[in-house]
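Student: I am new to this structure and would like a close look at a single part of it. Could you walk me through one pocket, and then a few spots elsewhere?

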Amino acid sequence: MKAGKIQTVAILGGGPAASTLATLLARKKIRVALYHLPKRAPIIVGESLVPAVIPLLQMLGVEDEIRAYSMFKPGATFNICEGENYSFLFKELIGTTRYAYNVPRDKFDDTLLNTARKAGAKIIEAAANVERIPGTDTVKLSDESLAAAADFFNGQPDLIVDATGRVRLLPKLFGIPAQEGRRKDTALFAHVDHTQFGHKGHVHSTLLDHGWSWRIPLPGKVSVGVVIGTEHLAKFGATKEERFDNLLKQDSVMAKIAGDAKRLTPVMEYMNYQLVSERMVGGNWALVGDSAGFIDPVLSSGLFIGMFGATLLAGTILAFAFAPLASDLDEVPDRCG
Ligand SMILES: Cc1cc2nc3c(=O)[nH]c(=O)nc-3n(C[C@H](O)[C@H](O)[C@H](O)COP(=O)(O)OP(=O)(O)OC[C@H]3O[C@@H](n4cnc5c(N)ncnc54)[C@H](O)[C@@H]3O)c2cc1C
């Protein structure tokens, strides 16, 4: 790919990393199309934001909309042993943003996707598929995916960005290995009607008999995740629903804080999520968000890393396009630093 020639971009995936990138590029008149699967899981992890996300929401112009359906999050609480809490307020920390939000992910993703659409990105409601161009480090959209874009790209796009999250479309296509973290936990996740909370609005991370749990207060419900060593799962039942429900009742810590909670949703299961791709760019492609890597849910950092990574990638793409670097992008690193 020749320098100065990125004028069309295809983004695979419709999560926060994809929509952030699409908005920033479309605002600078890059022709960008985003492939989005309209059918999604009933609930999505990634509901607890860190304060560093707020400047990104402000830059995208979506904070007011997100505030209206989210829970204000003034701090975080870690319950390490019974009676031993480590609780802090973001306003006591160093940094320019002193609060965050707990967000319902379906609404949050819709807000970001609509923002990309309004900015001029083409949203294609279809699964994206790509093929490797033999003997090269480059990819192309499959005939079907290209046809779904109609004549939008006028041929193949200059750049293809994989933002498919844990699907990791391009790393799998190229057989790119990932460095895996040491923890081999399983996270079981559902929404329930209520749990106990020590501090209003805080994400609570609590040590359990065989792992830890998160409790994220959302308007009218609570997101509960139970993260335990996979070897302990079988004794709590055969299905993920049985295991989640029994963990709430039978774990000695969960029983006290959520033993009488009523589950409102199906249970989602996540395994082996700690990974970083050993390569993140190629001849005409790049990875962003979870497709490139994810650390661990205990840090609540996934959305920040995905969205901030999208701003850095947008800046790089714009530097290779016809426009000078965008002024709104120039501000981001300082405000998040
Ligand atoms: C157990 C657990 C708990 C977590 N908790 C938090 C938390 O509290 N806070 C936080 O910030 N982060 C958290 N995360 C991380 C967070 O979920 C991710 O970092 C974040 O969702 C990544 O955003 P993304 O846009 O890269 O990918 P995703 O949000 O996964 O979006 C990818 C999108 O691509 C779509 N897609 C996939 N394949 C295709 C295809 N072929 N064509 C078109 N579309 C496709 C998918 O349907 C999806 O909509 C958690 C992660 C885990 C595993």
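Tutor: Here is a short tour of one pocket, followed by a surface patch and two loop residues. Please keep in mind that this is a predicted model.

Let's start with the second largest pocket, which has a volume of about 370 Å³. Its lining is made up of 18 residues. Those nearest the centre of this pocket are N79, E82, T206, V253 and I257. Where does the lining come from? Strand 4 (75–81), strand 13 (203–207) and helix 8 (252–258) each give at least two residues to it. Strand 4 supplies the largest share, with four residues. As for character, the lining of this pocket holds seven nonpolar, eight polar and three charged residues.

Now let's turn to the surface. There, I295, V298, L299 and I305 form a nonpolar patch, and together they have about 310 Å² of accessible area. One of them, L299, sits in the loop between strand 19 (293–294) and helix 9 (302–319). L299 has a relative accessible area of 46%, so it counts as partly exposed.

Finally, have a look at two loop residues and their backbone angles. K29 is in the loop between helix 1 (16–27) and strand 2 (31–35). Its phi is near 70 degrees, a positive value in a residue other than glycine. K29 is exposed, because its relative accessible area is 64%, and exposed means over 50%. N154 belongs to the loop between helix 5 (143–148) and strand 10 (159–162). Phi of N154 is near 55 degrees, again positive in a residue other than glycine. With a relative accessibility of 75%, N154 is exposed.

Methods:
Residues numbered from 1 in each chain as written. Predicted model: local features only at pLDDT ≥ 70, side-chain atom pairs only at ≥ 80, totals over all residues. Heavy atoms only, no water. Patch = residues over 30% accessible without salt bridge, like charges linked within 9 Å, V, L, I, M, F, W, Y side chains within 5 Å. Areas by Shrake-Rupley, 256 points an atom, 1.4 Å probe, with all protein chains shown as cover. Salt bridge = Lys/Arg side-chain N within 4 Å of Asp/Glu carboxyl O. Buried < 20%, exposed > 50% of the residue type's maximum accessible area, 1.4 Å probe, protein only. 1 Å grid on protein atoms, 1.4 Å probe; cavity = no way out; pocket = protein on both sides within 12 Å on 5 of 7 lines; lining within 4 Å. Points joined across faces, edges and corners; volume = space filled by probe spheres on them. Nonpolar A, V, L, I, M, F, W, Y, C, P; charged D, E, K, R; others polar.
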